[in-house]
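Reader: I would like a close look at a single part of this protein, with whatever around that part helps to place it. Please keep to what the coordinates show.

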Amino acid sequence: MGPPEMWPVVEGRFRHRGAELVYDETGTGPLAVYAHGGFVSQAVEQRMDLFDWAPVLRAGRRLVRYDARAHGRSTGRPVDEDYTYASLADDLLGLLDHLGAAQPVDAIGTSMGCGTCLHAAVRAPDRFSRLVLLLPPTAWATREAYARANRTAADTIEREGADGWLAGREQAHRPAVVADVPEFRPTPPEPILPAVLRGLARSDLPPPAALAALRCPALIMTWVDDPGHPVSTAAALADCLPGAELHFSPTRADVRAWGLRIADFLTGAHARHDP
């Protein structure tokens, strides 16, 4: 079939809770589902060129990546509750139903997608075989400052439009790992953007006790020097999840290797390599 980047990508759609969600499917084998971070989309992440999915496909996974509601090609409503982690987890479980996933699947999530995967796993642990949690967001003790900023941003957008808020975002601190990655406008339409912000402001990761009850293996990876994705959350998650693996990436080259690390984790190759 040639290299994975040449394999056919099939677009699919399904309706769920008042939205049409769009996903891309490629590869063959056991199902792995990917949930992206807030405000971007599959197309934007491709242009950012941070993650390399080819190793996951070479490892024999049927990879499904979807645009969260109101992001990218997916539609959405201006309803705050639709964009909480718990509601987004319901979308993920709906996608698994649509795909006919009869066996436990591998779930991969970045930032907002990390919260989505964790809430889905807590709600339906038997549906997941492994979790890959990338860039865990602010959580618990660090969440309120983020939530307050989101509520303020939503008010500003409704009062003045999105451009002023976006100009402030451009001046915000960026981790050295991604300092030269271009900024992209949020993919949710401006009329829906305040609801997305408020929904995320109302979100948090599941309570530590609920996470401690999960038994599926987990791989946690994050980069450093990012207030929106503090290493404290990644470390706290590793403490909560039994047997979780934790990896910090200080360089872009290390982040580019995440695809290979994910593939090794999903197939158990990392364990075979250990002494």
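Author: The part chosen here is helix α4, residues 112–123 of a predicted model. Helix α4 has twelve residues, and the distance from its first C-alpha to its last is 17 Å, close to the 16 Å expected at 1.5 Å a residue. The helix is mostly covered, with ten of its twelve residues buried. These buried residues are M112, G113, C114, G115, T116, C117, L118, H119, A120 and A121. An α-helix has 3.6 residues a turn, so residues three or four places apart point the same way.

Next comes the strand that precedes this helix in the numbering. Strand β5 covers residues 105–110, and helix α4 covers residues 112–123. Like the helix, β5 is mostly covered: six of its six residues are buried. In a regular strand the side chains alternate between the two faces of the sheet. In β5, V105, A107 and G109 point one way, D106, I108 and T110 point the other way, and all are buried.

Strand β5 has partners on both sides. With β3 it pairs in the parallel sense over four bridges, and A35 stands opposite G109 of β5. With β6 the pairing is also parallel, and six bridges join β5 to β6. There, A107 stands opposite L131 in β6.

These strands belong to an open sheet of eight, in the order β1-β2-β4-β3-β5-β6-β7-β8, with mixed pairing. The edges are β1 (10–16) and β8 (245–249); each has a single partner strand, so one side of each is left without a neighbour in the sheet. On average, neighbouring strands of this sheet are turned by 20° against each other, direction ignored. Helix α3 (residues 85–99) packs on the sheet and touches β1, β2, β3 (31–35), β4, β5 (105–110) and β6 (128–134). The direction of α3 makes about 120° with that of β1.

The antiparallel part of the sheet includes β1, β2 and β4. Seven bridges join β1 to β2, which run antiparallel, and R13 stands opposite V22 in β2. The two strands form a hairpin with two residues between them, and R17 in the turn has a positive phi of about 45°. Strand β2 (residues 19–26) also pairs with β4 (residues 62–66), in the antiparallel sense over four bridges. In that pairing, the bridge partner of Y23 is Y66 in β4. Strand β2 is mostly covered, with six of its eight residues buried.

Aromatic side chains give another set of contacts. A search of the whole structure finds five aromatic pairs. In one of them, F39 and W165 have ring centres 6.1 Å apart and planes at 65°; planes over 60 degrees apart count as edge-to-face, so this pair is edge-to-face. The pair links distant parts of the chain: F39 is in the loop between β3 and α1 (42–48), while W165 is in helix α6 (residues 162–170), 126 residues apart. Buried means under 20% relative accessible area, so F39 is buried at 10%, and W165 is buried at 15%. Elsewhere, Y34, F51, W53, W223 and W258 form one aromatic cluster. A charged group also meets a ring: R130 lies over the face of F265, at 5.0 Å from the ring centre.

Some residues outside the helix are less covered. D49, in the loop between α1 and α2 (54–58), has a phi near 55°, a positive value in a residue other than glycine. D49 is partly exposed, with a relative accessible area of 44%. D225 has a positive phi of about 65° although it is not a glycine, and its place is in the loop between β7 (218–223) and α9 (231–240). At 47% relative accessibility, D225 counts as partly exposed. A145 lies in helix α5 (residues 143–160) and is partly exposed, with a relative accessible area of 46%. The C-alpha atoms of A145 and A19 are separated by 30 Å, with their positions 126 residues apart along the chain.

To return to the part requested: helix α4 has ten buried residues out of twelve, and all six residues of strand β5 are buried.

Definitions and conventions
Residues are numbered from 1 along each chain as its sequence is written. This is a predicted model: local features need pLDDT of at least 70, side-chain atom pairs count only at pLDDT 80 or more; totals for chains, interfaces and linings use all residues. Side-chain values use heavy atoms; hydrogens and water are left out. Two strands pair if DSSP finds at least two bridges between them. Axes are lines fitted to C-alpha atoms, for helices over the stretch in contact, and angles run from 0 to 180 degrees between N-to-C directions. Contact means heavy atoms within 4.5 Å. The expected span of a helix is 1.5 Å times one less than its number of residues. Buried means under 20% relative accessible area, exposed over 50%, partly exposed in between (1.4 Å probe, protein chains only). Rings of Phe, Tyr and Trp (its six-membered ring) pair if their centres lie within 6.5 Å; planes under 30 degrees apart count as stacked, over 60 as edge-to-face and the rest as tilted. A charge sits over a ring if NZ of Lys or CZ of Arg is within 6 Å of the ring centre and within 35 degrees of the ring normal.
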